[in-house]
Amino acid sequence: IKTPIVSVPGNHDIPLYDAFRRMINPFSRYREFIKPRTLAEFSDKDLVVVGINTVTRWRTVEGHISKGDIRRAQKLFKAASPEALKLIITHHPLSRGSKHTKLRPQKLAEELFSLQPHLVLS
């Protein structure tokens with residue numbers, strides 16, 4: 001089936017107990033087994049999906065969001081048709097004010113919300 005699949009890594013996609021691999025090349029297995037079969041983003045005239053990698057080698061629970069990912073989402077949303085459905089996909093929740101939200105920096109998470117996606121999946 002030639003259906004596009006957008007994926008983002010989760011905290012179980014990087015090694016927990018192999019400290020060397022976690023520091024040097026944490027996403028090697030994800031890149032080998034999953035990434036070749038999936039996309040980080042997808043867009044057509046009706047839909048824009050932006051996958052954002054919130055997993056970081058430095059923390060086992062908390063996520064991280066980068067300025068580069070914010071710029072990529074901004075660019076894709078800006079290029080989209082005004083009628084297109086805009087989605088953001090992350091592993092870590094972006095919920096504002098949630099005691100379970102441990103995404104840093106929170107300011108950048110708020111910037112994602114300022115892009116006014118129709119749906120955020122995490």
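**Figure 1. R21 and its partner D18 in a predicted model.** R21 is partly exposed, with 26% relative accessible area, and this model is a predicted one. Its partner D18 is partly exposed too, at 34%. Together R21 and D18 form a salt bridge, and their closest N and O atoms sit 3.7 Å apart. Zoom out to the whole structure and you can count five salt bridges.

**Figure 2. R72 meets E41.** Here's another salt bridge: R72 pairs with E41, with 2.6 Å between the closest N and O atoms. Where do the two residues of this pair sit in the chain? R72 belongs to helix 3, which covers residues 67-79, while E41 belongs to strand 1, residues 41-43. That puts the partners 31 residues apart, so to speak in distant parts of the chain. R72 counts as partly exposed at 22% relative accessibility, and E41 counts as partly exposed at 30%. There's a third member to look for as well: D69 is linked with E41 and R72 in a network of salt bridges.

**Figure 3. K67 reaches across to E111.** K67 and E111 make a salt bridge, and 3.3 Å separates their closest N and O atoms. This one ties helix 3, home of K67, to helix 4 (residues 106-114), home of E111. Count along the chain and the two residues are 44 apart. How accessible is K67? Its relative accessible area is 41%, which makes K67 partly exposed.

**Figure 4. S28 in helix 2.** Look for S28 in helix 2, the stretch from residue 28 to residue 33. Is S28 buried or exposed? S28 is buried, because its relative accessible area is 18% and the cut-off for buried is under 20%. Now find I14: its C-alpha atom lies 8.0 Å from that of S28, and the two residues are 14 apart along the chain.

**Figure 5. V120 and the residues it touches.** V120 is part of strand 6, residues 119-121. With 29% relative accessibility, V120 counts as partly exposed. Which residues does V120 touch, leaving out those up to four places away in sequence? They are I88, L94 and F113. For a different kind of distance, try Y17: it is 103 residues from V120 along the chain, and the C-alpha atoms of the pair are separated by 31 Å.

**Figure 6. Stepping back to the whole protein.** After the close-ups, here's the overall picture. The protein has four helices and six strands, and along the sequence they come in the order α-α-β-β-β-α-β-β-α-β. Its C-alpha atoms fill a box of roughly 45 × 40 × 20 Å along the principal axes. The radius of gyration is 15 Å, which agrees with the value near 14 Å that a compact globule of 122 residues would have. Of those 122 residues, 37% count as buried. Take the contacts between residues at least 6 apart in sequence: 70% of them join residues at least 24 apart.

**Figure 7. Surface and charges.** What do carbon and sulfur atoms supply to the exposed surface? They make up 56% of the about 7,900 Å² that the protein exposes. As for charges, the protein carries 21 positive and 11 negative ones, and the mean positions of the two groups are 4 Å apart.

Terms used. Residues numbered from 1 in each chain as written. Predicted model: local features only at pLDDT ≥ 70, side-chain atom pairs only at ≥ 80, totals over all residues. Heavy atoms only, no water. Rg over C-alpha atoms; globule rule 2.2 N^0.38 Å. Buried < 20%, exposed > 50% of the residue type's maximum accessible area, 1.4 Å probe, protein only. Contact = heavy atoms within 4.5 Å. Areas by Shrake-Rupley, 256 points an atom, 1.4 Å probe, with all protein chains shown as cover. Lys, Arg positive; Asp, Glu negative; His and termini not counted. Charge placed at Lys NZ, Arg CZ, Asp CG, Glu CD. Salt bridge = Lys/Arg side-chain N within 4 Å of Asp/Glu carboxyl O.
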